[in-house]
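Grab a coffee and open your viewer. Here are some short exercises, each with a worked solution.

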Amino acid sequence: MPRWILVLLLGSALALSAAGCAAPAPAMPAAVDAATVAPAVVVDATATEAPVTTDAPAATEAPVAAAEPSGGVLVRAMTSEPAQIDPQGPPSSGLSVVLPYLFDTLVVRDLDNNVVPLLAESWDEAADGKTITIKLRPDVKFNDGTPLDAEAVKFTFDRFKESGVQSPIYAGIQQIAGIEAVDDLTVRFTFDAPAANFWSTVSMPYAGIISPSSVQEAGDVSEVRLVGTGPFRLGEWKPGQSITLDRNPDYAWGAAVTENQGAPYLDQMVLKVIPDAAAQLAALEAGEVDVIFVNNPAHRDQLATEPNIRLEETVLNSLIYLGFNNRKAPYDDLKVRQALSHAINKDQIVEAALGGLGIAAFAPLPPTLPGFDPALKADELGYDVEKAKALLTEAGFTAGGDGKWMRDGEPLRAVLLTSTRPPNDAIATVIQSQLQEIGVDVEIQQLDGKAVMEAAGGGQFDLLLWRYDWNDPDALNIFLGSDRIGSTNRVAYSNPQVDELLKQGAQELDEQKRAQIYRDAEKLIMADAPWQAIYNPIDLMAIRDNVQDLKMGYMGRMLVNDARVVGQ
Amino acid sequence: MATPWAGRSLPWSLSSAASTVRRDRLGDVALPPRIARRRITPGLVIGAAIVAVLVLAAVLAPLLAPFDPNRIMVGPRLTAPSGVHPFGTDALGRDQFSRILFGARIALLMALLGTAISAVIGVSLGLLAGFRGGRTDALVSRGMDVWLAFPGLLLAIVLVARLGPSLQNAIIALGIVGAPSFFRLSRTLTLSARETPYVESARAVGASESRIVLRHILPNITGALLVMMTLRAGIIILAGGGLSFIGLGAQPPQPEWGALLAVGRDHMATAPWLAWFPGLSITLTVLGLNLLGDGLRDLLDTQRLNVGVRRSHTIHA
Amino acid sequence: MTPGRLAHRLLGMVIALVAVSVFTFLALATIPGDAASAMVGDSASQEQLAALRDQMGLSASLPQRYLTFAAGVLHGDLGRSLVSGRPVSSMILERLPYTLLLSFSAITLALLIGGLAGMIAGTRAGSALDTIIMGGMALGIAVPTFWSALLLIMVFSLKLRWLPVVGATSPLHLVLPTVVLALPTAAVLARLLRSSLQDTLGADYIRTAHAKGLPSRRVLTRHALRNSLAPVVAILGLQIGHLIAGAFVVETIFAWPGLGRLTVQAIFDRDYPVVLGTTLVIAASFLMINLLVDLAHGRLDPLVGSKSI
């Protein structure tokens, strides 16, 4: 607990008791009052010491000691903080913010989506695709001083397979059949079948390589703060307030994604927890933080008028789609799905609900992933109200006098399920009014992030406004594969032909062939209309001008290795 | 536990019957400073006027609104207030004036239904506890203390998360959260009413318990309950806005004022009218309800009945 | 309050806390989505979920899970967060000082503003000044805090640049959250003090005091004010309780690391040990404060003293 909190607390306790004595009331209640205040102060004075201070290994290196190039302190806002520092722990937005700075992965992706070496110096893939041998970069040290070797890599993935069930890349990791430390710096991965998405999996921050000794040290203790080989070390962590990352002066193994591949110029990076987006914006304008991420068009408009703030944008590997419950009548009827798809005006959604912070999508894969093809636009079920109505008629619906559709005495009305995450409310509202145009009433149901997950997984919807973020075309398998029905294939889409293609794609190591397989799968999927792709989101990074050379990397990651903060 | 005013006649918790007597006594002696009682205060007039406007807006919304409140793109996006759109348009090109008007219906619904739920639960338990006394009283009072010990807004959040977020469930949750304040008030009043001569005489002629409660006690405490209801109504509108702020209130596209304000906050610099109009609507309505409540209290001379009001379960939204 | 009564009342508190914990537990257990589904990402399979539920002890029956929790509490152990694995007690303890500080500063400011306003208005009931002051105070209740907080930030942080926007790293950071939290409470206190003063000023003994020729100011401070304080003290306990629990909107906007934010986040994470822990702490402090207030109240108001409870 900071001293000033303690001082003020004690002060207020004194003031209260003083006020009590001075008041006309008898002294007794005041004394009781003071007594209740005091114990509380004493308790937290003793107890907060432990949780607030951080792990010993990280704290031993004082940031001041590395007094070489002072690139200043970069302050970034984050919406929530991670629960633990463990790449394999429960995923959260806070965790994915912190991970890339503390942990390195075997490979990363550059701005053009290519796989680039990081801890892996080189690799060799067997012809049958069932063995990948990786040569590790020599002279790499974890932030606790232990060396990075093949055993550490083996340890990381063994641990993942054993206890990483909560991680989003767990399924990808499970494909690894065996890991073997061939020599000090050589690791061999074996697979039962070729794993085309292996590189995508191990380039995710969740696949960061962990120092085995930090795991042993953490043991079963509550404060899980694992250590990696990243360009920063975990510094002071004030729960609910901020996490400070201190520069790792020994860092010399950066990937060729930034110009500076040595230690970062920044002395420190402070990640400030600010839950409210409007408050983040105010903090940026006041100069209390240097960088925030923006996904609200109103905030973008406001920042555009600020002379000292610049905006950088990137298209994410994500798709927002309107899913149909493919197993529930009448949405099990292709014509109904096609009809509703034709009723969606994506340009209007992007303009009205997003203020242009997105790109209207037509294919099931975002443009940034292999397998995307502009030619697929021809297969899009584009905005066409008349066609929508004609298809509904073909499906056996008749329009009543009020323009509402009926079939077998049942009106066509839909429950649209989505999460409370902005801008879902605006998108859902626009979709609702677009479907109303063709005579379909929609009731919007917005649930909090956890409840919506359960409702969507349980198929409790007619229409589902959902989003996926994935860095590999295997996304199609995860979100549309038959064997994922009941979990991530929420729309319960099933097409054996597509399944077969997706299976082939997952095992095809030739990039060209693999892309073609996914193109074929996409064509089939678009014909079945299990969902209507709406848009690919754009993320904005708003940066104060005193920050130089801060870049936006792959999947909206903030690249800080070249960055300096001037004029502090 | 904490019902320190139970059944006691305190200087500031006289029953209304007793205070009428006192007022008469006070009438002939001019006392320094002057005590104003049983009069129509300016606050009452202003409060009543604001609430009247709210009710009118709610009732006449379909006639007054120039546009369908939920229809998007009836005008350009984010236009400033003008003759066509007196309160401007939002990011989806909806007419904010129409949305505010229809929002008055939601505010009124929340206020009426929410307080009604609180009142029905609270008053029936309060009458029961106050009239029966003894073990029943002890038991119900304990239960209510648990209820009250529960942090109000947290209780509402848990309830809404449990029931599923919707306007209806938000109203139910806020209604449940507000019940203890009505319980305390009605219990205290029942306790004192029980001892009054008219109840005793009703008892003497063999009137049934329920008849005594419904015909003799309830009518005598309605004034105080009315005051309480106006004050609670304001709190419920505020708390409903708070639930909307965290996404657990009304569902889109319902023009609930709190939801409008939550969106408007993001446009404070670029389209300030999106925050100001819903913000002022909430503020004025709650202000009006409070002024009305205070004014009614002065008018009906239920001043010292604010025992229950004091213990009201406020929520900072 | 006799020792027997006090013991009786403390027992009541324990029962109340048990009831609060049972209710919280049941409510959380029946909310759609559990901590396991809350924890895994968007791409987890059914098997992954089932495995995680086992790992987290969520597959046990409800009564079993409650008893495990209750047994822990009896040993002074509030259990561990399902999400971070950290002890709930240390999570609460690191937030508690911030919550206490914010509550105390808000209640102090509310007492100052509310006390002053109530005193002026109460002694001049019916005057124009009374109307203006009470109108202004009513405004304090009426503005939604999630809006007023942002307005204050825009004026004092962005325009005037006097105060910081977010965080809790200096006393200056305390100012805006305190003001936002204090205003509604000040309004409640002012209203109470005013009506209570009006009542006292009309009472017999005050008239006697006047009749004895005591100067007005003296009557006010020595007699009227003291007796008017009783109801104000009574409400204080409730208000402090609400400040602790209800501050979460303010904590969210000003990024203040208090208990409210922790609890609401835990509700969204379905992290029931944390919610149970914070709810118990908040409820217990609420009950304690009100016990103290009633004790104080008994001293302030001789009429209440012996018969209280």
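A residue is buried if 20 or more other C-beta atoms lie within 10 Å of its own, exposed if 12 or fewer, and partly exposed in between. Keep in mind that this is a predicted model.

**Exercise 1. Work out what chain C is built from and how much of chain C is buried.**

Solution.
- Step 1: Count the elements. Chain C has 14 helices and 0 strands.
- Step 2: Write them down in sequence order, and you get α-α-α-α-α-α-α-α-α-α-α-α-α-α.
- Step 3: Apply the burial cut-off. Of the 309 residues in chain C, 61% are buried.
- Step 4: Look at contacts with a separation of 6 or more. In chain C, 72% of them come from residues 24 or more positions apart.

**Exercise 2. Decide whether C:Leu176 is buried or exposed, then find its contacts.**

Solution.
- Step 1: Place the residue. C:Leu176 sits in helix 8 (residues 172–201) of chain C.
- Step 2: Count neighbours. C:Leu176 has 25 C-beta neighbours inside 10 Å, so it counts as buried.
- Step 3: Skip anything within four places in sequence. What remains in contact with C:Leu176 is C:Leu152, C:Ile153, C:Phe156, C:Leu163 and C:Phe254.
- Step 4: Check one distance. C:Leu150 is 26 residues away from C:Leu176 along the chain, and their C-alpha atoms are 9.9 Å apart.

**Exercise 3. Describe how helix 4 and helix 6 of chain B pack.**

Solution.
- Step 1: Test the length of helix 4 of chain B. Its 16 residues should span 22 Å at 1.5 Å a residue, and the end C-alpha atoms are indeed 22 Å apart.
- Step 2: Get the geometry. Helix 4 (residues 134–149) and helix 6 (residues 167–194) of chain B have axes 9 Å apart, at an angle of about 140 degrees.
- Step 3: Classify the angle. Since only angles over 145 degrees count as roughly antiparallel, the two helices of chain B are oblique to each other.
- Step 4: Add the hand. The crossing of helix 4 and helix 6 of chain B is left-handed.
- Step 5: List who touches whom. Helix 4 of chain B brings B:Met144, B:Trp147 and B:Leu148, and helix 6 of chain B brings B:Ala179, B:Pro180 and B:Phe183.
- Step 6: Sort that contact by class. There are 6 nonpolar, no polar and no charged residues.
- Step 7: Compare with burial. The buried residues of helix 4 of chain B include B:Met144, B:Trp147 and B:Leu148, and also B:Asp137 and B:Asp145.

**Exercise 4. Do the same for helix 18 and helix 19 of chain A.**

Solution.
- Step 1: Start with the setting. Chain A comes to 19 helices and 25 strands, and 54% of its 568 residues count as buried.
- Step 2: Check the span. Helix 19 (residues 511–528) of chain A has 18 residues and reaches 26 Å, close to the 26 Å expected.
- Step 3: Find its packing partners. The buried residues of helix 19 of chain A, among them A:Arg514, A:Ile517 and A:Tyr518, pack against helix 17 (475–480) and helix 18 (496–507) of chain A.
- Step 4: Take the crossing. The axes of helix 18 and helix 19 of chain A come within 9 Å and cross at roughly 160 degrees, so these helices of chain A are roughly antiparallel.
- Step 5: Add the hand, which is left-handed for helix 18 passing helix 19 of chain A.
- Step 6: Pick out the contact. On helix 18 of chain A the residues include A:Val498, A:Leu501 and A:Leu502, and on helix 19 of chain A they include A:Ile517, A:Ala521 and A:Leu524.
- Step 7: Sort by class, giving 8 nonpolar, 3 polar and 2 charged residues for this contact of helix 18 with helix 19 of chain A.

**Exercise 5. Hunt down some backbone oddities: what is phi near A:Asn113 and A:Asp408, and where are the cis peptide bonds?**

Solution.
- Step 1: A:Asn113 has a positive phi near 80 degrees and lies in the loop between strand 2 (107–109) and strand 3 (115–117) of chain A. With 14 C-beta neighbours inside 10 Å, A:Asn113 is partly exposed.
- Step 2: A:Asp408 has a positive phi near 50 degrees. With 8 C-beta neighbours inside 10 Å, A:Asp408 counts as exposed.
- Step 3: A cis peptide bond joins A:Pro422 and A:Pro423, with omega about 0 degrees.
- Step 4: The bond from B:Pro252 to B:Pro253 is cis too, with omega near 5 degrees. B:Pro253 is in the loop between helix 8 (209–245) and helix 9 (257–265) of chain B.

Notes. Residues are numbered from 1 along each chain as its sequence is written. Chains are lettered from A and ligands numbered from 1 in the order in which they are written. This is a predicted model: local features need pLDDT of at least 70, side-chain atom pairs count only at pLDDT 80 or more; totals for chains, interfaces and linings use all residues. Axes are lines fitted to C-alpha atoms, for helices over the stretch in contact, and angles run from 0 to 180 degrees between N-to-C directions. Helices (H or I, at least four residues) and strands (E, at least two) are DSSP runs, numbered from the N terminus. Angles under 35 degrees count as roughly parallel, over 145 as roughly antiparallel, 65 to 115 as roughly perpendicular and the rest as oblique. A crossing is left-handed if the near helix is turned anticlockwise from the far one by less than a right angle, and right-handed if clockwise. Two residues are in contact if their C-beta atoms, placed from the backbone, lie within 7 Å. Ala, Val, Leu, Ile, Met, Phe, Trp, Tyr, Cys and Pro count as nonpolar, Asp, Glu, Lys and Arg as charged, and the others, Gly among them, as polar. The expected span of a helix is 1.5 Å times one less than its number of residues.
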